[in-house]
Amino acid sequence: MLYLEHTPHPALSPFIKALWYARDPHATHRHERVLPTGRAQIVLSLARDYLTDANNPINPLDHSPAGIFLGIYSRYQQIDAIDFTELIGVVFHPGGTPAFFPEDASVFTNCETALDDLWGRACHNLRNDLREAPTPEQKFALLEFALLTRLSLSKHQRRDPILDYALTHLHTAPGTTTIAELTRTTGLSPRRLSERFNQQVGISPKLYCRIQRFQQAIQQMHRGADVRWAELALTCGYYDQSHFANDFRAFSGLSATDYSTTNRIWANHIPLD
C-alpha cells in the first residue's frame, strides 16, 4: 500500500491537520475497526463511484456516496479495506470544520454526510478533477486549492482563541486538565464552555477529554511501551485500572489486552478478519 500525508498550506493549517492519500491496487474485502480520534474528516473515493458501508450488518451490499464528511465520532466505526484501492482525504483540527461547512458542528457528530449535500456540484467537479490528476502531488494541489477557495468565502476565517486555549490544555494534558480548571481560567461558565465545544468541535469538553485520554493510552500501546495496565491507567489520568478498562472498551469495543495482541499497521485501525 502507498500512503502519503501532505502538510496543508499555511492558510489552512489552523483548521486542517493533514491531507492524505492511500492507494492499494491489490486491496480486497476485509473489515477493519477504526477507533475515535476526536477529529473530523473528508473521505473521497477515487477508484469507484461509492464507498462501502461496512457499518450495516443487515445489508452488507449497501453503499455510501463516493465523497463523505465524517463528523467527530465518539464510538468506533467499521470500514471495508477494499475502499483503499484509491482514496484521498482531509483530517481537520478540532474546531476547524466551521470554516468549510455551514452548520453547527454537532449536527455531524457520529454520522457521515454526503459531501454533495454540503458542497453541491463543486464536490462532483472536484472528485472528477482528482481522478484525472496523474500523481498524488497534483491531487493534493487540487484538493488544497479547493479548500483554500472555500476558506476565502467563509465567515469563519479566524479561530476562537478561548476555544483554542481550552483545546490546547485538553490535548497536552488530558489526564490532568479538569473542566472546572478550564472554566476558571477562561472565564466561561460550564454551560457556555460546553456550548462553544458543541457548536465548533461537535462534542462536549468532557467527552473530548475522554477521547484524548483514550488516544494517549492507544499511542503508548501502539509504540509497544512495556507498561503495566495499572501504571498506564494512572499515567493517562484514569482513576484506576477499572476506569481505564471500562473507557477503553467503550471507545474500542475491545479489551486493552485484545488490542495489544492485534497485528496492526496503524494505531487506530484494528483488522477484524
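How much space lies in the largest cavity? About 40 Å³. This structure is a predicted model. The chain is assigned two domains, domain 1 (2-153) and domain 2 (160-272). The largest pocket draws at least three lining residues from each of them.

**Domains**
- Domain 1 covers residues 2-153, and domain 2 covers residues 160-272.
- Their C-alpha centres are 23 Å apart.
- The two domains touch: 27 residues of domain 1 are in contact with 28 residues of domain 2.

**Largest pocket**
- The largest pocket holds about 1,200 Å³ of space.
- Its lining counts 45 residues.
- Nearest the pocket centre lie Val34, Thr37, Gln41, Asn268 and His269.
- The lining of this pocket is mixed in class, with 20 nonpolar, 17 polar and eight charged residues.
- Both domains take part in the lining, each with at least three residues.

**Cavities**
- The whole structure has two cavities of 30 Å³ or more.
- The largest cavity, with about 40 Å³ of space, is lined by residues that include the run Phe92, His93, Pro94, Gly95, Gly96 and Thr97.
- Arg39, Ala40, Ile72, Gln200 and Val201 also line the largest cavity.
- Its lining divides into five nonpolar, five polar and one charged residues.
- The second largest cavity has a volume of about 30 Å³.
- Around the second largest cavity stand Ala40, Phe69, Gly71, Ile72, Thr97, Ala105, Phe108 and Val201.
- Six of the residues lining the second largest cavity are nonpolar and two are polar, with no charged residues.
- Ala40, Ile72, Thr97 and Val201 appear in the linings of both cavities.

**Helix packing**
- Two packed helices are described by the angle between their axes and the distance between the axes.
- Helix 4 (residues 161-172) packs against helix 7 (residues 205-222) at an angle of about 35 degrees.
- The axes of helix 4 and helix 7 are 9 Å apart.
- Their crossing is right-handed.
- Helix 4 brings Leu167, Leu170 and His171 to the contact.
- Helix 7 meets them with Pro205, Tyr208, Cys209 and Gln212.
- By class, the residues of this contact are five nonpolar, two polar and no charged.

**A backbone detail**
- Most residues other than glycine have a negative phi.
- Asparagine 110 is not a glycine, yet has a positive phi of about 60 degrees.
- Where is asparagine 110 placed? In the loop between strand 9 (86-92) and strand 10 (112-114).

Technical notes: Residues numbered from 1 in each chain as written. Predicted model: local features only at pLDDT ≥ 70, side-chain atom pairs only at ≥ 80, totals over all residues. Heavy atoms only, no water. Axes fitted to C-alpha atoms, helices over the stretch in contact; angles between N-to-C directions. Helix = DSSP H or I, 4+ residues; strand = E, 2+ residues; numbered from the N terminus. Left-handed = near helix turned anticlockwise from the far one by under 90°. Contact = heavy atoms within 4.5 Å. Nonpolar A, V, L, I, M, F, W, Y, C, P; charged D, E, K, R; others polar. 1 Å grid on protein atoms, 1.4 Å probe; cavity = no way out; pocket = protein on both sides within 12 Å on 5 of 7 lines; lining within 4 Å. Points joined across faces, edges and corners; volume = space filled by probe spheres on them. Domains from an automatic or database assignment.
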